[in-house]
Structure formats: C-alpha cells, structure tokens
Amino acid sequence: MGIMAVLRRLERRTRPVDPEYASVLQRRWAELPEHVKTPGQFLGRHAVGCEGTHGVFPKCNLACTPCYHSRDANRVRIDGAHTLAEVDKQMALLRRLRGPRAHAQLIGGEVTLLSPDDHAATLLTMRRYGREPMSMSHGDFDSDYLERLALDEQGRPRLRRLSFAGHFDMFMFGRRGIPRPGSERELNPYRQRFVDMFKDLRAKHGVRSFLAHNMTVTPANLGQVADLVRDCHAMGFGMFSFQPAAFVGDNRRWHENYEQVGMDQVWREIEKGAGTTLDYTVIQHGDLRCNRAAYGFYVGSRWHPFLSGDDPRDLDARAAFFRYLGEVNFAGVELADLLGKLVRAVVRHPVILKLAVQWLARLVRRVGGVPALLRHGVRPVSFVVHQFMDAADVAPAWELMQRGEPASDPRILATQERLASCHYAMAHPETGELVPACVQHSVLDPVENVELRKLLPIVNIADVRAS
Ligand code: SF4
C-alpha cells in the first residue's frame, strides 16, 4: 500500500464525524416524540438505539417462568445456515435504515445452542454491517465452547473481543448443577463461573470481553435484588440489567402477578444494593417508563456516577459532550482509532480539553482523591432496568398506530407513546420495516414461530426409524 493510501485510510479511520452517522442521528432526533426530547436524551444525540435479532434460533434448553417466547419457540430446530442467512438480511436492513453503527443483540432462544462456528460466523456478519454484537445467553455452557467460539482451527483468536449478557435468576429451571434454585444467592457460584470463563479466555488467548448480567424481577425475587447487587458487583460484570416481568410470551409460564413489580420498586432495590441514590435522568434512552440507566463505577465498595445530576457543572459537561462529541461514534472502535478521533475533535474544539480536565478533577475529588483511586482501583459498573409491556396493551396500541390513530384509552395511549420512543428495534426485511421489540414479542412472534416450526421442524429420530 502506498503512503498516500495509508494516509487516506488513517484519515478515514480517525475522522471524528462520519457524515452518514451524523445524518441518521439527526433523523432519529427529529422522529422522536417531544416528551422524550429531554436534556439527557441519548437517542438522536449520540446513538440510534439498540437492535436485536428475531426468528433465528428461538429454541432454549432451560425453562423460565415467565418466558417471553411464544409457546412454539421450543418446537423450532436450531439451524446455523438459517440463522446466518436471516441475521444477514436483518442486519442489512438495519444498516440501511439506521446507519453505519449500532449495538445489536444476537438474541433468540439460547445462543450457545448454535455451534461455535455458526455463532462466530453470525457475530462476524453483524460486525460486517457495523453492528457491535452482544450474545444473549443463560450462561450454562463450558469454557470449551467459549474457546471454540473465540478461536479458529489453529487456536488463534478469530474474535478479538466478545460481548455476552448472561441471564441468571431463580426462575430458570434446568441449569446444570442447580436445576431448581431456591434463591438468587444460590446462583452466585454459577455467576462467578460464567465470569471466570471469560477471564481465563483473556489470560490464555488475549480475547477481551464485556459482560452484562441480566435478571428477570418478579414479586418473588424483588427483595433479593439489593443483595444481588451487593454480592455480585465486584465479580466482573460491567452492567447489571434488570427486567421486571411482563405478561408477554407463553402464558402457560405466567405464575405470579407481575403488575406488583414496576420500575420504581426495582430501582429502589438497586439503590439499596449500591448504597446510594442513582439518578436515571442524567442519561436517558427513549422513554423513562421503558428504560432507566445509571452509568458509573465502583471505587472499593462505593459506587459513583460518571456525571452527577446534582452538580450543574456536570450537566454543563453533558451538554458539551453532546455538542462536541455527540456525533462521534464510540461503538466497536479500536482504541487507537478512538484516540485519533478525540485528538482531532480537540484540535477543532480546544474547549473540549478544558472541560474534560475540569470534569475529571471533580470526579477524582468526589471519589476521595488519587489515594483512594490508587488504593482501590476503578471498576466501571452500570445499572439498567428495561421494562417490557404487556401483550394485552401492545397489541391494540400497535394496531391503532398502524392506522395512524391515537388511542382514547389512557393506558393504550401511554403504550403508544412508549412504542413511538422505542429504544430497542427489530428488523423485518420482508416488509422493509423496523418494529419495537415489544411488538415483536407480543404480536409477531407467535405467528412467526408457527411458520418457523414448519420450516425447521424438530425431527424425532425414533419416529423416522419407525416409519
Ligand atoms: S421494546 Fe418495548 S419496553 Fe423496550 S424500549 Fe421498546 S417500547 Fe419500550
């Protein structure tokens, strides 16, 4: 490669703002409902939102109560070729409609029922479309699977970094070693084992990872959320994400009154566990009735936010971040390229440096100064709650939205407002549409899985032999 070609490549990789990314962000902002255009809104300012796959491997080998999959999901065969082809089409549509960069979940039933090769090929396909993929798993797999996923036949990394969300809660039945957990705490050794597999992978092969911990919350485990946070915050998860249960999916698995658990109750329990209040308005993803998040880090046993909602100077720093760096993409960018982008942004707007130094100084003071940092180190940990809606509300709300009609029933109108600000989209290449994940699970999954059952039937070998 000639010197000019190298310089052109370097210039492209470190360009702070990709004009296409900037224009999809502007469009996203313009399309958001007014009620979510708050000073902390991330959508349309720094991100287009999260994406997820559907209809690619709906089967799972644990049984959860509740489960948001439809009753036919477990009657669909896992098929790597189908997964790859469908993910390719879905990512192509997301790339076309939502631009060059986004976080996307490889989600269905259980992702590790895919062979390691098919799983790796699917992740690479998602990356090819500029998606930063996260594999959604129950975490009940072995380090052998993880190594075969991350490494090629010669034992060299084919994936240099992995993102996994491990879902652990006491309503998941059939986990090896603990088929019917009696409490959340009994699962802690399994949570630790999950994290340790990734630590070993990094130590042995240099493959980096980001791990999230997912957990369904119902009246039966709400009171254990605080202890979960206290017990597990230092295990190695970078995010704790809680999903209050909703009446969606297979109704044979609805065993409690989930309406008793809402955002506020779960958030209060997380705060108890973190030992501090968590301001979920500083950074907002869509509608606060759907998503709450607090970004920060632990120094020792104390959690601190990156930005304090109580400090007007931090809120000014947030506004400056959106103004100067909002359109700079951070997702899936190599560190060297990111540094290059930041340096070029600072050259263009030197005030960034002054604001960053002031913010960093405030942060260091807040956590107890440099000695505290040196003594305890820093562990970034974020808290998230995502509350799906009940299928009984989503179905009529979506039907009216398809006709362009606002609902007269206040509950259905609230559902429409949330769907219109949705943070979590799924792609339908056959229609060219994107739909909120709530609509996918409440309205479209049941029909889709009936079709998938015909396309990918599970063949009973004993029946075949008998015939
Ligand atoms: S999937 Fe549903 S609950 Fe989640 S952000 Fe979208 S509308 Fe809200």
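Glu51 has its bridge partner in β3, and that partner is Ala104. The two strands involved, β1 (residues 50-52) and β3 (residues 102-106), pair in the parallel sense over 3 bridges. Keep in mind that this is a predicted model. From this one pairing, let's work outwards to the sheet, the helices and the ligand.

**The sheet**

- β1 and β3 belong to an open sheet of 10 strands, and the pairing across that sheet is mixed.
- If you walk across the sheet, the order is β9-β13-β8-β7-β5-β4-β3-β1-β14-β15.
- Which strands stand at the edges? They are β9 (291-294) and β15 (433-436), and each has a single partner strand, so one side of each is left without a neighbour in the sheet.
- Going from one strand to the next, the twist averages 25°.

**Helix α6, the sheet and α5**

- Helix α6 (residues 188-205) lies across two strands, β5 (161-167) and β7 (208-217).
- Against β7, helix α6 runs at about 170°.
- α6 also meets helix α5 (residues 143-150): their axes come within 10 Å and cross at roughly 45°.
- α5 and α6 are therefore oblique to each other.
- The crossing of α5 past α6 is right-handed.
- On the α5 side, the contact is made by Ser143, Leu146, Glu147 and Ala150, while α6 brings Met197, Asp200, Leu201 and His205.
- Sorted by class, that contact has 4 nonpolar, 2 polar and 2 charged residues.

**Helices α7 and α8**

- Two numbers do the job here: packed helices are described by the angle between their axes and the distance between the axes.
- For helix α7 (residues 225-232) and helix α8 (residues 263-274), the angle is about 35° and the axes are 7 Å apart.
- α7 passes α8 in a crossing that is right-handed.
- Val225, Ala226, Asp227, Leu228, Val229 and Arg230 are the α7 residues in this contact, and they meet Val266, Glu269, Ile270, Lys272, Gly273 and Ala274 of α8.
- By class, you'll find 7 nonpolar, 1 polar and 4 charged residues in the contact of α7 with α8.

**Around the ligand**

- How many residues surround the ligand? There are 15, and the closest are Cys290, Cys422, Pro436, Ala437 and Cys438.
- Two elements give two or more residues to this shell, namely α14 (410-420) and α15 (437-455).
- As for class, the shell has 9 nonpolar, 5 polar and 1 charged residues.

Key. Residues numbered from 1 in each chain as written. Predicted model: local features only at pLDDT ≥ 70, side-chain atom pairs only at ≥ 80, totals over all residues. Near = placed C-beta within 6 Å. Helix = DSSP H or I, 4+ residues; strand = E, 2+ residues; numbered from the N terminus. Nonpolar A, V, L, I, M, F, W, Y, C, P; charged D, E, K, R; others polar. Pairing = 2+ DSSP bridges. Axes fitted to C-alpha atoms, helices over the stretch in contact; angles between N-to-C directions. Contact = placed C-beta atoms within 7 Å. Parallel < 35°, antiparallel > 145°, perpendicular 65-115°, else oblique. Left-handed = near helix turned anticlockwise from the far one by under 90°.
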